[in-house]
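Me: I am new to this structure and would like a close look at a single part of it, the place where the two chains meet. Please take me through that part step by step, and then through what lies around it.

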Amino acid sequence: MTAVAFTEQDLASVVGRRFPGGTYTITPWRAWLTNDVVLAPQGGEHAHPVFMFIAATSAMGVSWDELFTWFGATAADGPLFGDCDIEINRPLVVGGEYRVDGFVYEAQRKQGRRAGVFDLVRYQLELRDGDGDGEPVGVCRNSIVFPRRI
Amino acid sequence: MTVRIGDSLPPRDVPSVDAEKMKTMAALLSDSNPIHWDAEAVRAAGLGDRPVNQGPSNMAYVLDMVSSWAGGYDRLRRVRLRFTGNVFAGDHVRASGTVADVRREDGETVTECDVRLDVVGGGTVLSGTATVAGEPAEPTEPAEPVDPAE
């Protein structure tokens, strides 16, 4: 757990920071292995909707470890998934290439009775068809909880 | 097919979450956290001695439960899920849902469902809502009749 050298001002300064972004292709092998892992039926034109999360986070342009450093933390501090909100405007397709862009839109320091001090960070990632133009195919809004130690 | 508020969606069970599949998912996600494949790392993290299933896999079980009832991945419009616990190798998990709202939007039926993933014999590890469009492919189970005297 991180000692709170990372101040609330530091936390607020990350809001608005954009991800480098990138592209992700739902190759047939990725689609097959993912369906196999989650025991979903194989085949079909449409990719498993969990790819909204996988594609978004795989092509956000930073690793999880790098993202944690934005908030003065490491994986050893025990960051947790908070929640996930996925809007799907069109289904993802197997073989599709998607452009991912996004930014951090909220970061708050909180105190829970049992959890103690923690930072709740929310970020948004948008997926667009390969050229990156037009309305998003989907939007993925996730949160991460960073436990803090005072 | 008539869908009523309170109806139950057909549940989906994973009788025993497979530790081997977590290794594949770690590679697909580029998730370097060893709690997903190394029992020693799980012990060091104070999480017991069984590898921890990835959050996206848990999410996928719920997405599949809803999508197969609705008639395909292309029916899913939005999903909001909160992560509240861990799933460990060997756990029996069950994805389930109930109809919370049915409405007409732009000429099609839109159904909002409360969804969850439970460890059988344990607690809820994922809960939230899913929105699907179109007439569902599978029937729902009617809600238990409520005795007005109660």
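Reply: What follows begins with the meeting of the two chains and then moves outward to the strands and the core around it. Please keep in mind throughout that this is a predicted model.

In this model, 25 residues of chain A are in contact with 29 residues of chain B. On the side of chain A that touches chain B, the elements that give two or more residues are α2, α3 (51–58) and β3 (80–88) of chain A. The largest share of that side comes from β3(A), which gives eight residues. Sorted by class, the residues of the side of chain A that touches chain B are 16 nonpolar, five polar and four charged.

Let us take the strand first. β3(A) pairs with strand β2 (residues 76–83) of chain B in the antiparallel sense, over five bridges. Within this pairing, Asp85(A) has Arg80(B) as its bridge partner in β2(B), and Glu87(A) stands opposite Arg78(B) in β2(B).

The helices come next. Helix α2 (residues 28–37) of chain A and helix α1 (residues 19–29) of chain B have axes that come within 9 Å and cross at roughly 145°, and the crossing in which α2(A) passes α1(B) is left-handed. From α2(A), the contact is made by Arg30(A), Leu33(A), Thr34(A) and Val37(A), while α1(B) brings Lys21(B), Thr24(B), Met25(B) and Leu28(B). By class, the contact of α2(A) with α1(B) has four nonpolar, two polar and two charged residues.

The remaining element named for chain A is α3(A), which is mostly covered, with seven of its eight residues buried. These buried residues are Phe51(A), Met52(A), Phe53(A), Ile54(A), Ala55(A), Ala56(A) and Thr57(A). Some of these names return in the largest nonpolar core, which has 74 residues, and in which Met52(A), Ala55(A), Ala56(A), Val62(B) and Val66(B) touch the most other members. The element that gives the most to this core is helix α3 (residues 55–70) of chain B, with nine residues. Leaving aside residues up to four places away in sequence, Val62(B) touches Leu81(B), Ala95(B), Val115(B), Leu117(B) and Leu126(B).

From here the strands of chain B can be followed further. β2(B), the strand that pairs with β3(A), also pairs with strand β5 (residues 124–133) of chain B in the antiparallel sense, over seven bridges, and there Leu76(B) has Val132(B) as its bridge partner in β5(B). Elsewhere in chain B, strand β3 (residues 93–105) is joined to strand β4 (residues 108–119) by twelve bridges, and the two run antiparallel; one of the facing pairs is Val102(B) opposite Thr111(B) in β4(B). β3(B) and β4(B) form a hairpin with two residues between them, and Asp106(B) in the turn has a positive phi of about 50°. Three bridges also join β3(B) to strand β1 (residues 12–14) of chain B, again antiparallel, with Asp13(B) standing opposite Arg94(B) in β3(B).

Finally, for one residue of chain A taken by itself, Val121(A) is found in strand β5 (residues 116–129) of chain A. Val121(A) counts as buried because it has 25 C-beta neighbours inside 10 Å, where the cut-off for a buried residue is 20 or more. Not counting residues up to four places away in sequence, Val121(A) touches Phe71(A), Val104(A), Ala107(A), Ser143(A), Ile144(A) and Phe146(A).

Notes:
Residues numbered from 1 in each chain as written. Chains lettered and ligands numbered in written order. Predicted model: local features only at pLDDT ≥ 70, side-chain atom pairs only at ≥ 80, totals over all residues. Helix = DSSP H or I, 4+ residues; strand = E, 2+ residues; numbered from the N terminus. Buried ≥ 20, exposed ≤ 12 C-beta atoms within 10 Å, placed from the backbone. Contact = placed C-beta atoms within 7 Å. Core = buried A, V, L, I, M, F, W, Y, C linked by C-beta atoms within 7 Å. Axes fitted to C-alpha atoms, helices over the stretch in contact; angles between N-to-C directions. Left-handed = near helix turned anticlockwise from the far one by under 90°. Nonpolar A, V, L, I, M, F, W, Y, C, P; charged D, E, K, R; others polar. Pairing = 2+ DSSP bridges.
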